[in-house]
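Let's take a walk through this one, starting with the overall make-up and ending with the charged pairs. Have the model open as you read.

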Amino acid sequence: MARLFRNLSCYVTSVGDIRLFMFEEDFNQQFYKETYRTERQQVIFTFNEELKDSISIYPVLDTSFAENWFIEEITKKQDSLVLWLTDSILYRIDSLQFQVNYTMQDSARKNYIKTDTLIAFFTEKQKEDKKGGNKGKGGKEGKRLNFDFLNGEEEEEIEEDSVILPSELTFEHNAKEPFELNKEVELISRFPIDKINSDLIVFSKMDDDTIPVKFKLSQDEFEIRKFYLEFEKDEEEAFSLFIPAGVFTDIYGNINDTLEFKFKTRTLDFYSTVTMEIIGVKEKSIVQVLSEKGAILEEQIVFSDTTVLFNYLHPAKYKFALYYDSNNNDKWDTGNYGELKQA
């Protein structure tokens with residue numbers, strides 16, 4: 001009997017010992033989608049897929065500005081480029097024009113450099129009045145990237161003739177109950193950070209006594225506003241994290257207000273563990289845990305027959321996949337009919 005099933009965008013039909021593989025080629029060409037500003041000091045350029053080639057961006061102005069006019073940040077999916085403007089000449093302008101050069105492909109799938117002139121708008125939204133009118137803070141509605149504000153406070157309205165400066169350094173965090181046993185504390189700052197005095201941070205385990213907790217503070221490679229506090233933990237342990245004012249200073253000179261978080265870790269019996277025996281491995285392969293909808297949750301690389309463990313799985317439905325990474329690029333690639341390449 002013939003069997004047809006889909007795996008990683010590859011269709012497989014099996015009749016006896018004969019297997020016919022069908023796949024969908026990737027014809028997506030990289031193209032620019034939109035530009036927006038959620039903060040006056042921020043410009044975000046989004047593309048349809050992961051940025052694979054270098055991109056050059058330059059402001060189009062009739063006046064001079066600093067040579068080092070931005071700090072770059074890349075989003076988690078690596079399909080958006082975030083520029084934090086460091087020159088006040090630039091971020092005081094509500095409508096900024098940029099020349100953007102990036103790689104595209106023509107009808108023959110040959111690369112060429114495309115040049116666009118783009119405009120990034122920023123509009124000061126008003127405070128919410130007592131009648132419930134739409135008055136908030138930020139840039140484009142519904143486009144806030146990576147963070148929400150902790151304290152919920154709102155800035156005073158900026159007068160037309162006043163000096164426009166960044167204000168209030170706030171953080172998003174995951175230091176909440178129940179805290180995952182396989183996670184680290186994550187802090188995401190509103191603006192990029194310039195200085196950190198981590199010696200002032202007080203991290204404690206709350207037992208019968210207050211026990212100091214050793215931790216390591218590190219920064220994400222791409223999402224430069226994200227910081228990790230790595231520490232040892234066990235089930236049902238209570239922690240207190242105290243970050244006094246002035247530990248973090250952002251690139252605009254703002255310092256954080258006092259932050260204090262209290263949280264307790266989950267129980268170990270909440271999680272499940274899957275043990276898999278991988279047999280018949282002849283080349284580098286990647287084993288993945290997928291959500292019911294196919295999102296990649298975790299993966300491990302194997303080079304030979306082995307046993308792999310997937311720990312700390314929440315109660316849910318999962319899928320598992322394995323593919324050979326023949327070209328050693330750590331990701332799944334579809335095939336190419338013209339080049340007679342299988343997926």
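Helices here are DSSP runs of at least four residues and strands are runs of at least two, numbered from the N terminus. On that count, the protein has 25 strands and just one helix. Keep in mind that this is a predicted model.

Of the 343 residues in the protein, 37% are buried. The accessible surface adds up to about 21000 Å², and carbon and sulfur atoms account for 47% of that. As for contacts between residues at least 6 apart in sequence, 58% of them join residues at least 24 apart.

**Nonpolar cores**

Which residues touch the most other members of the largest nonpolar core? They are Phe45, Ile57, Trp69, Leu85, Phe98 and Val100, out of 26 residues in that core. Two or more residues each come from strands E5 (42–47), E8 (80–85), E9 (95–105) and E10 (111–121), and helix H1 (88–91) gives two or more as well.

Trp69 is a good place to zoom in. Beyond its neighbours within four places in sequence, Trp69 contacts Ile57, Tyr58, Pro59 and Phe98, along with Leu83, Trp84, Leu85, Thr86, Asp87 and Leu90.

There is also a second, separate core, this one with 21 residues, including Ala175, Phe203, Val213 and Phe227.

**Salt bridges**

Side chains of opposite charge can pair when their charged atoms come close. The structure has 14 salt bridges, and here are some of them:

| Acidic residue | Basic residue | N to O distance |
|---|---|---|
| Asp94 | Arg40 | 2.8 Å |
| Asp116 | Lys114 | 3.7 Å |
| Glu180 | Arg266 | 3.0 Å |

Why does the Asp94 and Arg40 pair tie together parts that are 54 residues apart in sequence? Asp94 sits in the loop between H1 and E9, while Arg40 sits in the loop between strand E4 (32–36) and E5, so the bridge links those two loops. Asp94 is partly exposed at 41% relative accessible area, whereas Arg40 is buried at 4%.

The Glu180 and Arg266 bridge ties together parts 86 residues apart, because Glu180 is in the loop between strands E11 (171–173) and E12 (185–189) and Arg266 is in the loop between strands E20 (259–264) and E21 (272–278). Are these two buried or exposed? Both Glu180 and Arg266 are buried.

In the Asp116 and Lys114 pair, Asp116 counts as buried at 16% relative accessibility, and Lys114 as partly exposed at 27%. Finally, a network of salt bridges links Glu39, Glu168 and Arg190.

Terms used:
Residues are numbered from 1 along each chain as its sequence is written. This is a predicted model: local features need pLDDT of at least 70, side-chain atom pairs count only at pLDDT 80 or more; totals for chains, interfaces and linings use all residues. Side-chain values use heavy atoms; hydrogens and water are left out. Buried means under 20% relative accessible area, exposed over 50%, partly exposed in between (1.4 Å probe, protein chains only). Contact means heavy atoms within 4.5 Å. Accessible areas come from the Shrake-Rupley method with a 1.4 Å probe; for residues, only the protein chains shown count as cover. A nonpolar core is a set of buried Ala, Val, Leu, Ile, Met, Phe, Trp, Tyr and Cys residues joined through side-chain atoms within 4.5 Å. A salt bridge is a side-chain nitrogen of Lys or Arg within 4 Å of a carboxyl oxygen of Asp or Glu.
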